[in-house]
Each structure stands twice: as C-alpha cells, then as structure tokens.
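Here is a short report on one protein chain. Take a look at the sequence and the model before reading on.

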Amino acid sequence: MERAAKKDAVEALNEVFKTTSVAVVAHYSGLTVAQMQKLRTQMKQAGASVKVSKNRLAKIALEGTDVVAIGSLLKGPTVIATSNDPVAAPKVAMEFAKTNEQFVILGGSMGKTVLDVNGVKALASLPSLDELRGKLVGLLVAPATKIAQLSTAPAAKLARVVQAYASKSEAA
C-alpha cells in the first residue's frame, strides 16, 4: 500500500471506530471467500459491518476512540465487526462462529468497556433494540386494548367489572 492509501484507510477506520457503539474482534484464518461473503451479508442484514485491515493500521486508527481497548486483540489474521446497535454485531458473530469452526471470537469492546469472549456471548444473548422496542410498544398498547374491549362489552358486563373493582378497593 502506498503512504497516501494507508492514510486514507486509517482515517476511514478511525471514523468507523468513532461512530460505533460495539466492536467484535475475531480470527478468520481458514475461511473461504464464500464464507466471508456470507458473514458480510449477515452482518449487513443486521445493520452491522465487517472490516478486514492490517493490524498496524487498525491500531493507529483506534487511537482517540472509545474502542481503543481492542488494540491488544489485533494479532494475526483478524476481522473487526462493528455496529451501532450493541447487540447486532455480537449476535451475528456468535451465530456465525457456531457454524464455522475457523471463525474464532477473541473479544471486543462496548464503548470503553473491554469484553472477553464471555462478554461477547452475553451481549449476543440479549434481545436486539428492535425487539425491545416491540415489547415496549406491546406493553403500552395492552392497557388501551383492554379498555377498548371493556367499552365494547355489554353494559351489564361493564357494570360487573366496575362493581368488582369497587368491592376490591373497599376490602383494601
């Protein structure tokens, strides 16, 4: 690589590291091109990205970022998976590692927190941001749905429900 190309690569990696919330480092030695393409596709679908770069350039790009702690993991043929969703990259990486023995997760970083392999596994087991939002919306909509069901019920049924609440509050 020429010096100018190296400088551009470092700047691009630095920008990625500054904007990411989580980074996962893994060894990929022995993976075929098709397997790497599959990993890239899965990461892209989850809203994450995969970067393969020279370790020396990646270490330079890490300086001044929150994920600087992963620099010690950059030894040998490494791939760095990043995402803004704290769960996306670890989840895809763990699923890919289960089906491909050559893909070995070394660790990662979430913000300034360094993660070992178990930390990455723990992040991967959490529900994604979209799943959490869906659950929250479901919880917020549930009371309104119950009120709507009650208001459409026959008047006698509604009266029994109101009477039950009244007797419940008197007993307490």
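Helices are DSSP runs of at least four residues, and strands of at least two, numbered from the N terminus. The model is predicted.

## A positive patch

Which helices each supply at least two residues of the positive patch? They are helix H1, residues 3-19, and helix H3, residues 55-62. The patch lies on the surface. Its members are Arg3, Lys6, Lys54, Arg56, Lys59 and Lys75.

Lysine 75 sits in the loop between H3 and strand S3, which spans residues 78-83. Is lysine 75 buried or exposed? Its relative accessibility is 54%. Exposed means over 50%, so lysine 75 counts as exposed.

## Where H1 meets H3

Asparagine 14 belongs to helix H1. Its relative accessible area is 14%. The cut-off for buried is under 20%, so asparagine 14 is buried. Beyond four places in sequence, asparagine 14 touches Ala61, Glu63 and Thr65.

One of those partners, alanine 61, is in helix H3. Alanine 61 is buried, because its relative accessibility is 0%. With neighbours up to four places away set aside, its contacts are Val10, Leu13, Asn14 and Phe17. A long stretch of sequence is bridged here: alanine 61 and alanine 9 are 52 residues apart along the chain. Their C-alpha atoms are separated by 8.5 Å.

Alanine 58 is placed in helix H3 as well. At 1% relative accessibility, alanine 58 is also buried. Leaving out neighbours within four places, alanine 58 is in contact with Leu13, Phe17, Ser53, Leu74 and Ile80. Leu13 and Phe17 thus appear among the contacts of both alanine 58 and alanine 61. Alanine 58 can also be paired with glycine 71, which is 13 residues away along the chain. The C-alpha atoms of these two are 7.8 Å apart.

## A buried methionine in H2

Helix H2 covers residues 33-46 and holds methionine 36. Is methionine 36 buried or exposed? It is buried, because its relative accessible area is 8%.

What does methionine 36 touch, not counting residues up to four places away in sequence? The partners are Tyr28, Leu31, Val52 and Val79. Valine 50 is 14 residues from methionine 36 along the chain. Between their C-alpha atoms there are 9.4 Å.

## The loop between H3 and S3

Alanine 69 is placed in the loop between H3 and S3. Lysine 75 is found in that loop too. Alanine 69 has a relative accessible area of 27%, so it is partly exposed. Lysine 75, at 54%, counts as exposed.

How far apart in space are alanine 69 and serine 109, C-alpha to C-alpha? The distance is 6.9 Å. In sequence, the two are 40 residues apart.

## A nonpolar patch

The surface also carries a nonpolar patch. Leu136, Val137, Leu139, Leu140 and Val141 form it. Together they have about 510 Å² of accessible area.

Valine 137 lies in helix H6, which runs over residues 129-152. Its relative accessible area is 49%. Exposed requires over 50% and buried under 20%, so valine 137 is partly exposed.

## In brief

Two surface patches have been described: one of positive charge and one that is nonpolar. Asparagine 14 in H1 and alanine 61 in H3 are in contact. Methionine 36 is buried and lies in H2.

Methods
Residues numbered from 1 in each chain as written. Predicted model: local features only at pLDDT ≥ 70, side-chain atom pairs only at ≥ 80, totals over all residues. Heavy atoms only, no water. Patch = residues over 30% accessible without salt bridge, like charges linked within 9 Å, V, L, I, M, F, W, Y side chains within 5 Å. Areas by Shrake-Rupley, 256 points an atom, 1.4 Å probe, with all protein chains shown as cover. Salt bridge = Lys/Arg side-chain N within 4 Å of Asp/Glu carboxyl O. Lys, Arg positive; Asp, Glu negative; His and termini not counted. Charge placed at Lys NZ, Arg CZ, Asp CG, Glu CD. Buried < 20%, exposed > 50% of the residue type's maximum accessible area, 1.4 Å probe, protein only. Contact = heavy atoms within 4.5 Å.
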